[in-house]
Amino acid sequence: QVQLEESGGGLVQAGDSLRLSCTASGHTSIAYAMAWFRQAPGKEREFVATIHWSGGSTSYADSVKGRFTISRNSLQMNNLKPEDTAVYYCAVDSRGLFRIRPNSTAAYNYWGRGTQVTVSS
């Protein structure tokens, strides 16, 4: 079992930066990858970024590429835009499915409860 808790969300203005943290506890040695997803009101949860736990390789959604940087326990978000407003979730894959579907929620079997990020224009 892995428990995840996100922190660092808040209300910022367009162009500002935020750093989200994901604190993991439990059997974290079973993790193959960690990812961030986000969900805006009325929309489906969407992929933001993922990192291979041991190798460190990363992948980003086109909408955040060049602005966001993922590490094993955080997501640095720069030059935030109003369209980045959402609840952000960190997730862990303990089954190795991220190799097949790194952008899919189905690849990740442990989830945090989320942290709200609101970007005003």
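## A predicted all-strand chain

At 0% relative accessibility, Cys-90 counts as buried. The model that shows this is a predicted one.

Cys-90 has a bonded partner: Cys-22 and Cys-90 form a disulfide, with 2.1 Å between their sulfur atoms. The count for the structure is 1 disulfide. Cys-22 belongs to strand β3 (residues 18–26) and Cys-90 to strand β9 (residues 86–93), so the bond ties together parts that are 68 residues apart in sequence. Is Cys-22 buried or exposed? Cys-22 has a relative accessibility of 6%, under the 20% limit, and therefore counts as buried. The torsion about the S-S bond is about 65°, so the disulfide of Cys-22 and Cys-90 is right-handed.

**The chain as a whole**

The protein chain has 0 helices and 11 strands. Its pattern along the sequence is accordingly β-β-β-β-β-β-β-β-β-β-β. Along the principal axes, the C-alpha atoms fill a box of roughly 40 × 25 × 25 Å. A compact globule with 121 residues would have a radius of gyration near 14 Å, and the 13 Å of the protein chain agrees with this.

Of the 121 residues, 41% count as buried. The accessible surface of the protein chain is about 6,300 Å², and carbon and sulfur atoms account for 46% of it. Among contacts with a separation of 6 or more, 57% are between residues 24 or more positions apart.

**The nonpolar core**

Which residues have the most contacts inside the largest nonpolar core? They are Trp-36, Val-48, Phe-68, Leu-75, Met-77, Tyr-88 and Tyr-108, in a core of 35 residues. The elements that give two or more residues to this core include β1 (2–7), β3, β4 (33–39) and β5 (46–52). Further along the sequence, β7 (68–71), β8 (74–77), β9 and β11 (115–120) also do so.

**How strands pair**

The table lists strand pairs with their sense and number of bridges.

| Strands | Sense | Bridges |
|---|---|---|
| β2 (residues 10–13) and β11 | parallel | 4 bridges |
| β9 and β11 | antiparallel | 3 bridges |
| β4 and β5 | antiparallel | 6 bridges |
| β5 and β6 (residues 58–60) | antiparallel | 3 bridges |

Strand β5 appears in two of these rows, with β4 and with β6. Of the 7 residues of β5, 6 are buried, so this strand is largely enclosed by the rest of the structure. On the β4 side, Trp-36 has Ala-49 in β5 as its bridge partner. Trp-36 is also one of the core residues named above. On the β6 side, the bridge partner of Ile-51 is Thr-58.

Both pairings of β5 are hairpins. Between β4 and β5 there are 6 residues, and Gly-42 in the turn has a positive phi of about 75°. Between β5 and β6 there are 5 residues, and Gly-56 in that turn has a positive phi of about 85°.

Strand β11 pairs with β2 in the parallel sense and with β9 in the antiparallel sense. Leu-11 has Thr-118 as its bridge partner in β11, while Val-87 stands opposite Gln-116. Which residues of β11 point to the buried face? Thr-115, Val-117 and Val-119 point to one face and are buried, whereas Gln-116, Thr-118 and Ser-120 point to the other and are not. This follows a common rule: in a regular strand the side chains alternate between the two faces of the sheet. The two β11 residues named as bridge partners, Thr-118 and Gln-116, point to the face that is not buried.

**Two further residues**

Ala-24 lies in strand β3, the strand that also holds Cys-22. Ala-24 is partly exposed, with a relative accessible area of 34%. Apart from its neighbours within four places in sequence, Ala-24 is in contact with Gln-3 and Leu-4. Thr-85 is 61 residues from Ala-24 in sequence, and their C-alpha atoms are 24 Å apart in space.

Asn-79 is found in the loop between β8 and β9. Where does its backbone depart from the usual pattern? Most residues other than glycine have a negative phi. Asn-79 is not a glycine, yet has a positive phi of about 50°. At 43% relative accessibility, Asn-79 counts as partly exposed, because this value falls between the 20% and 50% limits.

How values were computed
Residues numbered from 1 in each chain as written. Predicted model: local features only at pLDDT ≥ 70, side-chain atom pairs only at ≥ 80, totals over all residues. Heavy atoms only, no water. Disulfide = S-S within 2.5 Å. Buried < 20%, exposed > 50% of the residue type's maximum accessible area, 1.4 Å probe, protein only. Contact = heavy atoms within 4.5 Å. Core = buried A, V, L, I, M, F, W, Y, C linked by side-chain atoms within 4.5 Å. Rg over C-alpha atoms; globule rule 2.2 N^0.38 Å. Areas by Shrake-Rupley, 256 points an atom, 1.4 Å probe, with all protein chains shown as cover. Pairing = 2+ DSSP bridges.
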